[in-house]
Each structure stands twice: as C-alpha cells, then as structure tokens.
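Keep the sequence and the 3D view side by side while you read. This report moves from one chain to the contact, and then to the other chain.

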Amino acid sequence: MRPNEAGRSLFGRVVLYVLLILGGLIMLAPFVVMVVVSLWPNTAFMARRFPLDQITLANYVETFRVLPFGRYFINSAFVTVTVTIGQILIASLAAFAFARLRFRGREAIFLLYLATLMIPSQVTLIPNFLIIRNLGWYDTYAALIVPGLFSALSTFLLRQFYRSIPIDLDDAARIDGASSLRIWGQIMLPLSRPIMAALAVFAFQASWNDFLWPLVVTGTDQMRTIPIGLSYFVGQYATAWNLLMAGSVIALLPVLILYLLAQKTFVQGITMSGMGGR
Amino acid sequence: MSDLAAPAAPSRRSFFRWRPEQQWEAYLFILPSLLGFLLFVFLAVSISFGISFVDWGLTGPRGFVGLANYRELLRDPVFARTAGNTLFYIVTIVPFQLILGLLMAIALNQAIRGTELFRMIYFLPVVTAIVAGAIVFRLLLARNGPVNDALGWLGGTIGLDVRLPDLLGSARYSKWSVVLLTLWKNTGFTMVVYLAALQGVPPELVDAAKVDGAGAWQRLRNVTIPMISPSTFFLFVLQTIGAFQLFTEPFVMTRGGPAQSSMPVVQYIYQNAFQYTRMGKASAIAWFLFIFIFGFTLIQNRMQQRWVHYETE
C-alpha cells in the first residue's frame with residue numbers, strides 16, 4: 001500500500017494525529033504513572049496531589065532498604081549477561097557445524113532441534129526442576145543460567161544465516177590451512193555480527209524479564225532475580241505503591257535504556273525471534 | 001512450522017571440494033549444545049511423560065497409577081475452570097490484538113511526520129518486564145485507581161458514569177484486567193509485523209483497485225487484507241499459542257483470583273507442582289496443554305490453504 005492515503009487531506013491528517021496521539025497516551029500512561037508515583041511519598045498518591053516541592057528519591061533508597069534489591073539486581077545482571085553471551089556462543093558453534101561442516105547424522109540431529117521448537121516450555125518445567133534438584137543446583141546460579149544456555153531458535157536462525165554466506169570464503173581459508181575453529185572465529189563471527197546482535201538483544205530481554213523458571217528454582221533472597229523479588233514484594237507491601245513503583249522502574253530501566261539506544265536491533269531481534277525465522 | 005527447513009544451499013558440490021566426507025571436529029562444535037538439549041529437552045520430555053502416569057509428591061513413594069491423573073483431570077472442576085479461563089483469554093486477546101495491531105499499522109503506514117516516534121512508543125511495552133507491567137496495572141485498574149479517576153472525570157463532563165467495574169476484585173470481570181494488560185503489552189509486536197507486511201503490498205495493486213472505483217474500505221477489504229493474510233495467519237497461530245501459555249500476567253496482577261476466576265491453566269500446573277506437590281497431576285495437565293497446542297497448530301496448518309493468500313511460491 002502506498003503510504004499516502006489519509007495523509008492527503010488536512011482533515012484526514014488531523015483525525016489521524018488525534019488517534020495516534022490518543023493511542024500513544026494510552027501506551028505511555030502506565031509508564032508515566034509508574035514514574036510519578038515512584039517520585040512522591042505515598043501520601044501524595046493517596047491524595048492525588050503531587051506538589052513539586054515534595055519530589056523525592058527517597059522511595060528508591062527505601063526500596064533498597066526494605067528489600068535486598070541490590071542483590072536482586074546483581075543476580076539479574078549476572079544471569080542475564082551470562083545467559084545472553086553463553087546462549088549465542090553455544091548456538092553459534094552448533095549452527096556453524098550444521099551449516100558448514102559435513103558429518104554423519106547432521107540432518108537427523110538438526111531435525112531433532114527443530115522438533116524441540118514445538119514443545120511448550122510448560123512440559124519441560126517440572127522435569128527440569130527435578131533435574132536441577134537432583135544435580136544439587138536448586139537455588140544456585142547454575143539453576144538460573146544453565147538451562148537458558150540452549151536455544152533451538154538461536155541455533156536455527158544462525159544456521160540459516162551461515163548458509164547464506166558464500167562458500168568460497170571457507171574454501172579459500174581452508175586452502176590457506178585454516179582450521180574449522182579458525183573459520184568460525186575469524187570469518188563467521190565477524191560476518192554475523194548484526195544477526196548476533198539482534199539475537200543477543202532478544203535473549204537479553206527474555207532473560208531479564210523471565211519469570212516462571214526463576215520463580216521455580218529459587219528459594220531465597222540470595223538467588224532471586226528482580227522480577228521474582230518484585231512479585232514477592234507485591235505480596236508483602238500491597239499498598240506501598242510508591243515503593244512498588246520505584247521497584248518496577250528499576251526492573252524495567254536496563255532493558256528500556258538498551259531499547260532506546262539500539263531501537264532498530266531491538267525491534268529486529270524481537271520480531272525475528274518471535275516469528276521463529278519464518 | 002512446515003516451511004521451517006529451508007532448501008539445501010546451492011552449489012553443494014563445490015562446497016565440499018576442499019573437505020573430507022566426515023569432519024570429525026563437527027561433533028565438538030555441536031557437543032555443548034547437544035548435551036544441553038539431551039538433558040533439558042529430550043530427557044526432560046521423557047521424564048515429564050513418565051511422571052504423568054505416577055502419583056508422586058516429590059518425597060515418598062512413587063506409585064504407577066496409569067491414566068488416573070488424566071482421568072482425574074476430566075472430573076476436576078478447577079481444571080475445567082482454568083481451562084475455560086485460558087479459552088477465554090484466547091478468544092478475547094487474539095482477535096482484539098489482531099484488529100488493534102492492524103489499525104495501528106495502517107495508521108503508521110501513512111505519509112505523515114512522526115511515525116517513527118509513535119512506532120517507538122507503541123513498541124515500548126513489548127520490551128517491558130511483565131512483572132512491572134502487572135504491578136502498575138494493579139494500581140491503574142484498582143476500583144479507586146487512576147483509570148477510574150480519569151473515567152470519572154470524563155463521565156462527569158458528559159454527565160454519565162463511565163467508570164469501570166472493580167476489574168481486579170470481582171470474579172466476574174477479573175479476566176478482563178488480564179486481557180487489558182496483555183493487549184497493552186503485546187499489541188506493539190503485532191503492529192510491527194503488520195507494518196512490515198503492509199509495506200510489502202505492491203502499490204500498483206491498490207492503485208488498480210482505485211482506478212476500478214473501489215473505495216478505501218473496499219481496497220482494504222479486498223486488496224490489502226488478502227495480501228497480508230500470511231502475516232495474519234502467522235500472528236494468529238503465534239498469539240494463540242502465547243495465550244495458551246499465559247501465566248505471569250494473572251499470577252502477579254490478580255494471583256489468579258478472586259476464586260480462581262482469572263487463573264489460567266499454566267498457573268494450575270504451577271499450583272499442583274509447587275504448592276500441592278502433585279507432580280504427576282501437574283505433568284498430566286502440561287501434556288493436555290501440549291496436545292491442545294499441537295492439535296491447534298496442526299489444524300491451522302491444514303486450514304491455512306483456505307484463507308491464506310500466498311504470492312507465487
């Protein structure tokens with residue numbers, strides 16, 4: 001469709017802007033409420049009056065005092081960064097083999113990977129919890145990190161990308177005596193930087209926002225991530241809206257900043273992964 | 001799902017000119033990944049399947065009970081209720097999201113200034129932590145919350161009471177709070193996919209319809225919508241599967257309540273496994289869910305020829 005239809009008449013344009021701004025306000029309102037409530041004492045919210053001279057960061061300080069929020073933050077950051085880097089590396093190694101190397105069982109194993117895309121995570125939730133428990137990993141970083149390192153989707157998307165790179169590059173490198181590892185590290189990785197960035201962004205936000213798995217495998221404040229800590233906070237301080245909102249702002253800030261910095265990569269990563277490469 | 005496996009790369013022959021039949025190092029490359037999949041997917045699925053035939057509470061003996069877990073579910077009123085809730089989420093969230101996402105995409109596909117800004121704003125909730133979204137919606141939708149403040153003020157100016165009922169606290173309406181949160185959170189994704197699809201519709205087609213005297217609505221109905229039907233199909237399947245798997249939104253916002261009125265099936269799995277420690281029953285529910293999702297995907301793949309229009313393959 002040529003993008004100019006409603007844009008032609010002045011009336012059409014005005015109607016369009018009114019609708020777009022209305023939609024934008026609805027989408028933004030929860031963020032605005034979050035930030036406003038987090039910056040004033042709870043009494044201000046109760047009275048629905050937010051005098052400028054009462055603005056304070058005390059809620060943020062208080063959140064860190066009543067909750068081990070610093071610990072949650074470190075846990076979330078460590079788990080997210082490790083999962084993101086590890087998942088992309090592991091997927092990239094496997095994808096390289098599936099796309100560029102020759103070995104017996106290649107197609108069969110790859111088909112198995114594809115089949116796992118069909119399995120909803122709820123089916124593996126309980127057995128994985130049992131596996132983690134039997135490994136003695138309950139309530140450890142290993143429980144939060146290791147199962148997140150394996151993504152069939154990342155492997156699949158990277159394999160598709162590697163297949164599109166001209167074969168001559170490999171051949172030339174092999175004539176020069178390069179090993180497979182070297183071809184992976186010095187040809188494939190640099191060439192696939194954009195797609196790896198998109199996948200990494202997707203993995204990052206998925207891991208940072210993940211809820212069900214960390215809920216199941218953590219049992220103490222020492223290991224809880226921000227979303228889990230926050231959800232317990234809701235149970236304890238259901239009406240301390242100023243603190244809850246401050247906590248929510250902290251929870252979404254890292255991904256939000258990343259989104260504002262790398263918007264294009266973000267949208268690309270999320271749509272590509274969400275679409276399963278179709 | 002059917003077209004996931006792409007055709008083999010061309011020039012396969014020259015590809016292998018410089019390498020042996022069997023490159024052993026390949027196994028080392030896939031080893032880390034394969035170990036993970038064997039443990040956390042293949043072993044896990046087998047365990048899950050096995051447990052669903054066992055009555056087991058984490059500690060104590062495991063007794064093989066055959067199909068008893070499954071049979072119990074068929075008689076379990078709470079399972080029926082949660083399954084009904086999940087069905088409700090599917091039939092509300094999916095169509096609303098498709099329609100709203102398409103409208104947003106059409107609006108942003110016009111030649112006007114500032115579309116990038118609006119697109120950025122509409123996509124913002126997609127990257128937001130669900131927990132943060134759920135908490136702020138608890139605040140927004142409370143009976144005396146900001147949304148009703150605003151609606152009360154609006155209604156006051158036109159002399160009508162347009163305030164929302166107590167969405168979070170009433171068994172009758174609690175599911176709608178989950179629907180609203182999900183729409184806010186995910187419609188931006190639908191919009192982005194539709195926007196890409198709209199930009200792929202050839203302008204000649206639309207112009208040709210115009211020359212033939214088709215109005216804006218007819219062009220949308222008879223040209224644009226058929227042309228973007230592959231995206232509609234994909235979004236429909238994806239969102240239905242997503243709605244089947246809904247968990248965090250109601251878990252944080254309403255705790256599934258009041259009286260299980262907003263509890264989805266996945267939360268019932270969670271409850272059985274980790275609150276009642278009924279691992280067998282929880283696994284049986286998970287398999288029910290799997291079968292439903294699988295069956296749905298299969299039926300959809302069959303039906304897509306009927307209403308999805310593909311350009312020359």
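The centres of domain 1 of chain A and domain 2 of chain A, taken over C-alpha atoms, are 33 Å apart. This is a predicted model. The domain assignment places domain 1 of chain A at residues 10-60 and domain 2 of chain A at residues 69-274.

The two domains touch. Domain 1 of chain A brings ten residues to the contact, and domain 2 of chain A brings eight residues. Which helices of chain A each supply at least two residues of the domain 1 side? They are helix 1, helix 2 (42-47) and helix 3 (58-66) of chain A. Helix 1 of chain A gives the most to that side, with four residues. The domain 1 side that touches domain 2 of chain A holds seven nonpolar residues, three polar residues and no charged ones.

**Where the chains meet**

Chain A and chain B are in contact too. Chain A puts in 83 residues and chain B puts in 91 residues. Helix 1 (residues 10-39) of chain A supplies the largest share of the chain A side, twelve residues. By kind, the side of chain A that touches chain B has 55 nonpolar, 18 polar and ten charged residues.

**Chain B as a whole**

Now turn to chain B. Its secondary structure comes to 14 helices and two strands. Is chain B spread out or compact? Its radius of gyration is 25 Å, while the globule rule gives 20 Å for 313 residues. The value for chain B is well over that of the rule, so chain B is more spread out than a compact globule. Along the principal axes, the C-alpha atoms of chain B fill a box of roughly 70 × 70 × 35 Å. Of the 313 residues in chain B, 38% are buried.

Contacts in chain B also link distant parts of the sequence. Take the contacts between residues at least 6 apart in sequence: 70% of them join residues at least 24 apart.

**Two helices that cross**

Two packed helices are described by the angle between their axes and the distance between the axes. Find helix 3 (residues 68-75) of chain B and helix 14 (residues 279-307) of chain B. They pack at an angle of about 75 degrees, and their axes are 9 Å apart. Angles of 65 to 115 degrees count as roughly perpendicular, so helix 3 of chain B is roughly perpendicular to helix 14 of chain B.

Which residues make this contact? Helix 3 of chain B offers Asn69(B), Tyr70(B), Glu72(B) and Leu73(B). Helix 14 of chain B offers Gly280(B), Lys281(B), Ala284(B), Ile285(B) and Phe288(B). Five of the residues in this contact are nonpolar, two are polar and two are charged.

**Two residues in a loop**

Last, look at the loop between helix 12 (248-253) and helix 13 (265-274) of chain B, where Arg255(B) sits. Ala259(B) is also found in the loop between helix 12 and helix 13 of chain B. Neither Arg255(B) nor Ala259(B) is a glycine. Their values are set out here.

| Residue | Phi | C-beta neighbours within 10 Å | Exposure |
|---|---|---|---|
| Arg255(B) | about 55 degrees | 17 | partly exposed |
| Ala259(B) | about 55 degrees | 11 | exposed |

Why does Ala259(B) count as exposed? A residue is exposed if 12 or fewer other C-beta atoms lie within 10 Å of its own, and Ala259(B) has 11. Arg255(B) has 17 C-beta neighbours, so it counts as partly exposed.

Notes: Residues are numbered from 1 along each chain as its sequence is written. Chains are lettered from A and ligands numbered from 1 in the order in which they are written. This is a predicted model: local features need pLDDT of at least 70, side-chain atom pairs count only at pLDDT 80 or more; totals for chains, interfaces and linings use all residues. Axes are lines fitted to C-alpha atoms, for helices over the stretch in contact, and angles run from 0 to 180 degrees between N-to-C directions. Angles under 35 degrees count as roughly parallel, over 145 as roughly antiparallel, 65 to 115 as roughly perpendicular and the rest as oblique. Two residues are in contact if their C-beta atoms, placed from the backbone, lie within 7 Å. Ala, Val, Leu, Ile, Met, Phe, Trp, Tyr, Cys and Pro count as nonpolar, Asp, Glu, Lys and Arg as charged, and the others, Gly among them, as polar. The radius of gyration is taken over C-alpha atoms; the globule rule is 2.2 Å times the number of residues to the power 0.38. A residue is buried if 20 or more other C-beta atoms lie within 10 Å of its own, exposed if 12 or fewer, and partly exposed in between; C-beta atoms are placed from the backbone. Domain bounds come from an automatic or database domain assignment.
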